[in-house]
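Visitor: I have a model on my screen and would like a guided walk through it. Could you take me round, one question at a time?

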Amino acid sequence: MLSVDDYLARVLASVEPLTPVEVPLVAAHGCVLAEDVAAPWPLPSFDNSSMDGYAVRAADVASATESTPVALSVIDDVPAGFGSAEEVRPGTAIRIMTGAPMPAGADAVVPVERTDAGTEIVRIGSAVDVGACIRRAGEDVVAGEIVLRSGTLLESRQMAILAAVGSGHVRVHPQPRVAVISTGSELVEPGTPLTHGLISDSNSYLLVAACREAGADAYRVGPVVDDSAAFLAAIEDQLHRCDLILTSGGVSMGAYDTVKAVLSELGSVDFMKVAMNPGMPQGHGHVGEGRLPIITLPGNPVSSYISFENFVRPVLRRMRGLTELHRPSSRARCAVDLKSPAGKRQFARAVLLPSGEVAPVGTGQGSHMLGGLAVAEALIVIPEDVTAVRTGDEVEVVDLRGR
Ligand code: AMP
Ligand code: MG
């Protein structure tokens with residue numbers, strides 16, 4: 001039996017970050033940048049007003065107070081997006097809006113709130129310092145500065161600066177496309193009435209959602225019945241559509257475990273037992289001439305999910321070009337006694353209590369138990385060499401919410 005860490009290392013080694021492509025900026029959201037991006041111009045790119053008000057010469061209004069305002073004649077009006085051809089000379093002002101370029105001659109802006117808002121003559125009710133309410137060119141970013149480094153995940157805040165420096169297209173690692181194939185003759189589409197022995201295919205919904213949450217572009221295939229020809233056809237069909245195939249089911253010791261039977265014969269997929277609970281039967285390798293990566297997950301839904309968390313999520317993050325592959329973990333006191341199988345790493349579905357403790361959820365920890373999984377917020381990770389956790393012991397906790 002392989003350890004979780006050794007199996008993870010093998011699976012990670014079987015994939016590469018996806019080859020970078022140039023995409024329109026709008027499509028880059030959620031991708032990882034594959035180039036350094038420099039600002040071709042400074043930010044702001046010109047001196048501009050930070051307030052709606054009046055561009056003035058600070059010296060002109062040095063004596064202004066609320067009771068003894070200074071009157072200036074308003075010689076022009078500049079909205080954002082326009083400049084003024086006029087120059088602010090002694091005794092004059094230009095009405096200016098937030099973001100409009102500073103007119104020549106002016107060295108400060110008086111916010112409109114401190115004036116009578118006049119359009120011909122304005123009465124200014126307070127003095128201002130030179131430079132007041134002016135956003136200087138280059139005060140944020142200087143021209144030529146690298147604003148984002150290769151390897152940066154593009155979230156909302158990073159999208160903003162790319163747009164601001166005019167990056168209409170950027171080079172990114174594309175989102176991995178993942179085909180999720182459920183196998184099992186007992187599976188039907190959710191919404192279909194169940195006759196005896198049939199169940200709804202929940203794994204493909206679980207795994208597609210988990211892939212998407214991990215930043216991949218995933219879609220469902222199947223469910224595919226336990227039949228070699230049908231399974232092979234489903235695999236064939238996906239060879240040129242995706243970057244990774246994920247299957248669920250059919251990898252245990254059952255007589256109808258088609259996935260293992262078919263892929264073992266192809267010779268490029270390895271099946272092994274991993275020392276974990278749940279999720280012991282695992283498989284990974286490549287299929288087709290293009291050596292498309294494939295990961296075969298066990299069919300029991302909780303096993304499938306725990307396997308996804310441990311192996312597929314890091315694989316997807318690697319394909320996306322990220323270097324931080326794992327969820328952060330922390331430690332918390334366990335609120336109850338727990339047992340764990342010797343020699344296996346156990347992953348118990350759990351919730352974080354208001355007390356800061358962690359406790360298992362659900363009516364049990366069976367690998368078919370979706371009720372507990374649905375309310376779980378975290379996993380308690382019990383190491384291979386620990387067989388019992390006592391109330392109050394510190395345990396490793398992986399928070400499944402957020403990233
Ligand atoms: P298998 O690995 O194919 O032997 O499946 C193990 C268990 O998981 C069986 O009880 C299956 O019915 C169940 N199972 C397999 N695939 C799915 C699926 N897509 N959705 C829900 N349960 C599944
Ligand atoms: Mg099956």
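**A walk through the chain**

Guide: Happy to, and please keep in mind that this is a predicted model. Let us start at Gln 158, which is buried, its relative accessible area being 15%.

Visitor: Why does Gln 158 count as buried?

Guide: A residue is called buried when its relative accessible area is under 20%. Gln 158 falls below that cut-off, so it is classed as buried, with a value of 15%.

Visitor: In which helix is Gln 158 placed, and what is Gln 158 in contact with, leaving aside its neighbours within four places in sequence?

Guide: Gln 158 belongs to helix α2, residues 156-164. With the neighbours within four places in sequence set aside, the contacts of Gln 158 are Leu 148, Thr 152 and Leu 153.

Visitor: Let us step back to the whole chain. How many helices and strands are there in the chain?

Guide: Helix α2, home of Gln 158, is one of the helices. In total the chain holds seven helices and 28 strands.

Visitor: What is the radius of gyration of the chain, and what would a compact globule of 403 residues have?

Guide: The C-alpha trace spans about 95 × 55 × 40 Å along its principal axes. A compact globule of 403 residues would have a radius of gyration near 22 Å, whereas this chain has 31 Å.

Visitor: What share of the contacts with a separation of 6 or more comes from residues 24 or more positions apart?

Guide: Buried residues are 46% of the 403 in the chain. As for those contacts, residues 24 or more positions apart account for 70%.

Visitor: How many positive and negative side chains are there, and how far apart do the centres of the two sets lie?

Guide: The chain carries 32 positive and 48 negative side chains. The centres of these two sets are separated by 5 Å.

Visitor: Now to helix α6. Where does α6 bend, and why is α6 described as largely enclosed?

Guide: Helix α6 covers residues 301-319 and bends by about 45 degrees at Phe 308. It is largely enclosed by the rest of the structure because, of its 19 residues, the number buried is 18.

Visitor: Which residue with a positive phi follows α6?

Guide: Phi of this residue is near 95 degrees. The residue is Gly 321.

Visitor: Which residues other than glycine have a positive phi?

Guide: One of them sits in the loop between β9 (121-124) and β10 (134-135), namely Cys 133, with phi of about 60 degrees. Another is placed in the loop between β20 and β21 (292-297). That residue has phi near 50 degrees and is Arg 291.

Visitor: Which peptide bonds are cis?

Guide: One lies before Pro 223, a residue of strand β16 (217-224), and has omega near 5 degrees. Another leads into Pro 278, in the loop between β19 (276-277) and β20 (281-287), with omega near -5 degrees. The two bonds run from Gly 222 to Pro 223 and from Asn 277 to Pro 278.

Visitor: Last stop, Gly 99. What separates the C-alpha atoms of Gly 99 and Pro 79?

Guide: Gly 99 is found in the loop between β7 (92-96) and β8 (108-111). Beyond its neighbours within four places in sequence, its contacts include Phe 46, Ala 80 and Arg 135. Pro 79 is 20 residues away along the chain, and the C-alpha separation is 8.0 Å.

Methods: Residues are numbered from 1 along each chain as its sequence is written. Chains are lettered from A and ligands numbered from 1 in the order in which they are written. This is a predicted model: local features need pLDDT of at least 70, side-chain atom pairs count only at pLDDT 80 or more; totals for chains, interfaces and linings use all residues. Side-chain values use heavy atoms; hydrogens and water are left out. The bend at a residue is the angle between axes fitted to the seven residues ending there and the seven starting there. Helices (H or I, at least four residues) and strands (E, at least two) are DSSP runs, numbered from the N terminus. Buried means under 20% relative accessible area, exposed over 50%, partly exposed in between (1.4 Å probe, protein chains only). The radius of gyration is taken over C-alpha atoms; the globule rule is 2.2 Å times the number of residues to the power 0.38. Contact means heavy atoms within 4.5 Å. Lys and Arg count as positive and Asp and Glu as negative; His and the chain ends are not counted. The place of a charge is taken as NZ of Lys, CZ of Arg, CG of Asp or CD of Glu.
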